[in-house]
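Hi,

Here is the structure I promised to pass on. Have a look at it first, and my notes on what turned up are underneath.

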Amino acid sequence: MRASLDVDRPEPAVESLSLPALTDELMAKARQTNGRGARTIRGGHDHALRQVVAVLTAGREMSEHDAPDEATLQVLRGRVRLVAGEESWEGTVGDFVVIPPVRHRLEALEDSSILLTALAAGAVRL
């Protein structure tokens with residue numbers, strides 16, 4: 001039962017998204033353009049987490065860049081290599097890695113899709 005003070009507050013809606021369908025859409029566009037594509041699926045000013053689906057065609061990469069405070073990567077399709085300093089990690093469908101807080105790059109060893117989850121800039125940490 002809801003408390004009387006909550007009567008005017010709408011119930012939260014369930015949000016869902018097909019990651020395979022989004023990967024297919026982004027990959028089709030990537031193949032017609034520069035071999036890369038991405039879409040933020042969760043994030044913004046009112047969210048502590050930012051989640052992005054990114055695709056790379058085989059042989060493409062996300063060039064070296066700084067790491068956010070905290071980030072993880074899950075491979076949705078294909079095979080990728082994360083290179084962070086002297087270390088590297090290869091992942092395939094279903095693999096998950098915590099991205100080290102150092103400059104890194106991501107290489108697509110095959111046509112690939114990843115789910116990147118990162119702590120949003122300025123997010124409060126508990």
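A quick word on terms before the first helix: a residue is called exposed when its relative accessible area is over 50%, buried when that area is under 20%, and partly exposed in between. Please also keep in mind that this is a predicted model.

With that in hand, start at helix H1. The face of H1 that points away from its buried side carries Arg 31 and Gln 32, both exposed. The buried residues of H1 are Leu 22, Thr 23, Leu 26, Met 27 and Ala 30. These cover an arc of only 130° around the axis, so they sit on the same side of H1. What lies over them? The cover includes strand S1 (36–42) along with S2, S4 and S9.

H1 has 14 residues, and from its first C-alpha to its last it reaches 20 Å, close to the 20 Å expected at 1.5 Å a residue. At the N-terminal end, Ser 18 acts as the cap of H1, with a side-chain oxygen 3.2 Å from the backbone nitrogen of Ala 21.

Now for the inside. The largest nonpolar core has 13 residues, and Leu 73, Val 80, Leu 82, Ile 99, Leu 106 and Ile 114 are the ones with the most contacts inside it. Which elements give two or more residues to this core? They are strands S2 (49–56), S4 (71–77), S5 (79–84), S8 (104–108) and S9 (112–119). S4 supplies the largest share, three residues. Another core, of seven residues, lies apart from this one, and Met 27, Ala 30, Val 53 and Leu 115 are among its members. You'll recognise Met 27 and Ala 30 from the buried side of H1.

If you want one residue to click on, try Leu 82. Setting aside its neighbours within four places in sequence, Leu 82 is in contact with Glu 87, Ser 88, Trp 89, Val 97, Ile 99, Pro 100, His 104, Arg 105 and Leu 106.

On to the charged pairs. The structure holds 13 salt bridges, and three of them are worth pulling up on screen.

- Arg 77 and Asp 24: the closest N and O atoms are 2.8 Å apart. Arg 77 belongs to strand S4 and Asp 24 to helix H1 (residues 19–32), so this pair ties together parts that are 53 residues apart in sequence. Arg 77 is partly exposed at 30% relative accessibility, and Asp 24 is partly exposed at 42%.
- Lys 29 and Glu 25: here the closest N and O atoms are 3.6 Å apart. The two are four residues apart in H1, which means about one helical turn separates them. Lys 29 counts as partly exposed at 45%, as does Glu 25 at 34%.
- Glu 90 and Arg 79: these side chains meet in a salt bridge of 3.2 Å, N to O. Glu 90 is in strand S6 (residues 87–92) and Arg 79 in strand S5, so the pair links parts 11 residues apart in sequence. Glu 90 has a relative accessible area of 40%, so it is partly exposed, and Arg 79 is partly exposed at 31%.

That last pair also belongs to a wider set: through shared partners, salt bridges join Glu 61, Arg 79, Arg 81, Glu 90, Arg 105, Glu 107 and Glu 110 into one network.

Cheers

How values were computed:
Residues are numbered from 1 along each chain as its sequence is written. This is a predicted model: local features need pLDDT of at least 70, side-chain atom pairs count only at pLDDT 80 or more; totals for chains, interfaces and linings use all residues. Side-chain values use heavy atoms; hydrogens and water are left out. A nonpolar core is a set of buried Ala, Val, Leu, Ile, Met, Phe, Trp, Tyr and Cys residues joined through side-chain atoms within 4.5 Å. Buried means under 20% relative accessible area, exposed over 50%, partly exposed in between (1.4 Å probe, protein chains only). Contact means heavy atoms within 4.5 Å. A salt bridge is a side-chain nitrogen of Lys or Arg within 4 Å of a carboxyl oxygen of Asp or Glu. The expected span of a helix is 1.5 Å times one less than its number of residues. The arc is that of the directions from the helix axis to the C-beta atoms. A polar contact is a pair of N or O atoms within 3.5 Å; within protein, one must be able to donate a hydrogen and the other to accept it, and residues adjacent in sequence count only if both atoms are side-chain atoms.
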